[in-house]
Amino acid sequence: MGNLRSLSGFIFLTLAVFTTARPKSGPDQKCKSGPVDLVFLIDSSRSVRPHEFETMRKFMVDILNTLDIGLDTTRVGVVQYSSQIRSEFFLKTHSKLENMVNAINEIVPLAQGTMTGLAIKYLMNEAFSPGQGDRPKVPNVAVIVTDGRPQDRVTEVAAEARERGIEIYAVGVARADMTSLRAMASPPFEDHVFLVERFDLIHQFGLQFQDKLCGKDLCLESDHGCEQLCESSPGSYTCHCLPGYRLNADGKTCSAIDLCVEGKHDCQQICISSPGSFTCDCDQGYHLNDDKKTCSPIDLCAEGKHDCEQVCVYSGPGIFTCDCKEGYRLNVDEKTCAPIDLCAEGKHDCDQVCVNMGPGIFTCNCNEGYRLNMDEKTCSPIDLCAEGKHGCEQVCVYLGPGNFTCDCNEGYRLNGDKKTCSPIDLCAEGKHDCEQVCVNMGPGIFTCDCNEGYRLNENEKSCSAIDLCAEGKHDCEHICISAPGVFTCDCNKGFKLNKDKRTCTNMDMCNTVKHGCEYQCVNTPGSYYCICPEGQLLQEDSKTCGTCKSANIDLVLLIDGSKSVRPQNFELVKKFVNQVVDSLDVSAHGTRIGLVQYSSRVRTEFPLNMYHTAEDIKAAVMKVDYMEKGTMTGLALKHMLENSFSEAEGARPASRNIPRVGLVFTDGRSQDDISEYAKKAKEAGITMYAVGVGKAVEDELREIASEPVEKHFYYTTDFSAINTIAENLKLNVCPAESQGEVAMKDPCACENLVEFQQATVNSLDQLTQKLASMAARLERLENQLLSRK
């Protein structure tokens, strides 16, 4: 880092070199500063105008003219950036000054955004890399020239570059942001951060460090005669002027530059000169805009610079007139306003009385004995009914000024006194149309009702007998026999009515009919069914028993109906499903099968409890319509877990230990996440099989499949080969592994008590036989011992 510090003077001077009024350095006048790897990072965003880029190009060439260029001395690279990065040449590219100058003159600006952070990262990782000419133990110096605010983050990447030993000088021009320059540059900032107003002033910031490059400083050690500024160069010096002044023909004295007189300004109206600069002003009635150049007319009304009492009207730059709000008029002073009284001035259209309501506002009223009409202008005589000046009990009818008659509300009639009213009872008077019962509800109002055992029809007049049986309003266990409002109970065939006249008792069907069960008959309410001994299954005739064909399982198949499957392959998928069905023992008490198709949505084609034979299931599978669209496998797993294996859709209760198996068929990558519901399905005890074809993703299939994965995961590249997978799928387990419904018998059920008793008798018989055998053996041993004696 000490070597980098020693280079501060060198870099500041090289940045100070410029082209005007400067003697050219010959080969023997090159500054000897030691080996340095120097990279220029120049901003070529669209905000850098073409002539400004040319100034920056010349700036780099002038700096190169002062350096001792060579592969063993100073190496130079140039990188330009905007929204992208382009290296014009690396540190290793050129060893001669003229080659570098030619390359700089051929640079074409990118003219896009300002991604300074991206450029510094490229500088750090590429420009200063050994492969591009960066030398070990040689100082790395970067000079960043920019005219704007970075459009990305620079603080972190600049800090990383500095930590790697790159000394960064940040030169800002015109619109550059000082905060961003300090974020990029190396400390101390007063030595590494520079901000100038224009591109043609880039050279000014380096003058103070000129003495650190070439040894003797003629500006300090000789009588140079410069009036304002002296700039040293190797073996010589040049006079310069302060900003706002230009060097006279004598090359030493300076004269103030009057840009206003020279017409080198862009003021719209008035130019006020200062040395090398100017400020703009405006004519009377105008003010200077924020751009400090153009002028806008002064609106004294908008700025509140007026003395109008109510309304100010803009009349031109710096001019206004006063006006008044509605209901007021301008006084003779043309500033203040007075309220207008339309009543006093007779400017109204009231029939009788005008009431002043405020400036320019009035309302009409009437004399005593009159009322204002709806037009709110004319008047009418007063209505005694409306004023309550009558003796009517209910309704007063106006007959003209001072005249009225009485009437009654609906449901009442006028009494003989022509003032009071009495209620009308339509039921008592027989003035109704009820079929059975009339109920008086008030004056002139009635409603209909019905006798016990009947209810009122929708016409609210006629009645119908109440059928408690049809309405389920009974407690008969089996059969309800209805009469109007009452019922009696009866029982189904195979049952008899109990003494409570409500419930029924099951008649023992196993003992009263020829059931034909090979092993055992079990009574059910009004019927019976056959069961088999443990290790055997009931056959399709529901009477005989046989060896295990397959386990009893609840199987849900999720098939991919996405667009990538294609119609012809979807038909192969349906055949694959039917091959699986053929391998299972399908019945209501055996294996149940449900089918779900998914694409961008999920659709249950049929639930577990819809079909109970393999033929019905296979026919339903072949009728399934192809969905097309996307591949939402995660959504399908969620649907299977939350719906397909619910008892509502036919899954047998978990307490019965019937294995639940899910088989997912897919031909591609899922468009949603499968992890959550693949995991939840297995945690819920569902054995998951994954079958993939074509572009199916093996990692997803393995994530779906249960352990051991190799026994639950299948894949083939071609749809035509999926029949082989169907043949190899081992979804079935025999009773030794899953007892199905046989394993979940209720030990307290009658038929199971019979089995238990039979099993107990068989066990006792076997035990008796073993004891008899042991007794015989003991007797033989005893006889042998006696014979030996």
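**Reasoning through a predicted model**

Q: Where does Met-357 sit in this predicted model?
A: Met-357 belongs to strand β19, which covers residues 353–358.

Q: What makes Val-355, Met-357 and Ile-361 a nonpolar patch?
A: A patch takes residues with over 30% relative accessible area and no salt bridge, and nonpolar side chains are joined within 5 Å. Val-355, Met-357 and Ile-361 are grouped as such a patch on the surface, and together they have about 260 Å² of accessible area.

Q: Why is Gln-132 called buried?
A: Its relative accessibility is 18%, and the cut-off for buried is under 20%, so Gln-132 makes it into that class. You'll find Gln-132 in the loop between α5 (116–127) and β4 (140–146).

Q: Which residues does Gln-132 contact, leaving aside neighbours within four places in sequence?
A: Gln-132 is in contact with Phe-90, Leu-91, Lys-92, Glu-126 and Ala-127.

Q: How do you know that Val-101 is buried?
A: Set its relative accessible area of 18% against the limit of under 20%, and Val-101 counts as buried. Val-101 is part of helix α4, residues 97–105. In space, its C-alpha is 9.2 Å from that of Asn-65, though 36 residues separate the two in sequence.

Q: What makes Thr-633 buried?
A: Thr-633 has a relative accessible area of 3%, and anything under 20% qualifies, so the label follows. Thr-633 lies in helix α13, residues 633–644. Not counting residues up to four places away in sequence, Thr-633 touches Tyr-598, Val-664, Thr-666, Ser-670, Asp-672, Ile-674 and Ile-704.

Q: Why is Arg-652 called buried?
A: The relative accessible area of Arg-652 is 2%, again set against a threshold of under 20%, so Arg-652 is buried. This arginine is in the loop between α13 and β42 (660–666). Arg-652 and His-589 are 63 residues apart along the chain, with 9.8 Å between their C-alpha atoms.

Q: How do you know that the length of helix α11 agrees with its residue count?
A: Helix α11 (residues 567–582) has 16 residues, and at 1.5 Å a residue it should span 22 Å. The sum uses one less than the number of residues. The end C-alpha atoms are 23 Å apart, so the two values agree.

Q: Which residues of α11 are buried?
A: Asn-569, Phe-570, Val-573, Lys-574, Phe-576, Val-577, Asn-578, Val-580 and Val-581 are the buried ones.

Q: How many helices and strands does the chain have, and what share of its residues is buried?
A: There are 17 helices and 44 strands. Of the 789 residues, 40% are buried. As for the outside, the chain exposes about 42900 Å², with carbon and sulfur atoms supplying 51% of that.

Q: What share of contacts with a separation of 6 or more joins residues 24 or more positions apart?
A: Such pairs account for 52% of those contacts in the chain.

Q: Where is confidence lowest, and where is it highest?
A: The lowest is helix α2 (residues 8–16), with a mean pLDDT of 40, while the highest is strand β41 (residues 602–606), at 96. Over residues 205–215 the pLDDT is below 50, and this stretch has 30 contacts beyond near neighbours in sequence. Residues 732–763 also stay under 50, with 39 contacts beyond four places in sequence. Across the chain, the mean pLDDT is 83, and 82% of residues reach 70 or more.

Methods: Residues are numbered from 1 along each chain as its sequence is written. This is a predicted model: local features need pLDDT of at least 70, side-chain atom pairs count only at pLDDT 80 or more; totals for chains, interfaces and linings use all residues. Side-chain values use heavy atoms; hydrogens and water are left out. pLDDT is the predictor's confidence in each residue, from 0 to 100. Helices (H or I, at least four residues) and strands (E, at least two) are DSSP runs, numbered from the N terminus. Contact means heavy atoms within 4.5 Å. Patches are made of residues with over 30% relative accessible area and no salt bridge: like charges are joined within 9 Å, nonpolar side chains (Val, Leu, Ile, Met, Phe, Trp, Tyr) within 5 Å. Accessible areas come from the Shrake-Rupley method with a 1.4 Å probe; for residues, only the protein chains shown count as cover. A salt bridge is a side-chain nitrogen of Lys or Arg within 4 Å of a carboxyl oxygen of Asp or Glu. Buried means under 20% relative accessible area, exposed over 50%, partly exposed in between (1.4 Å probe, protein chains only).
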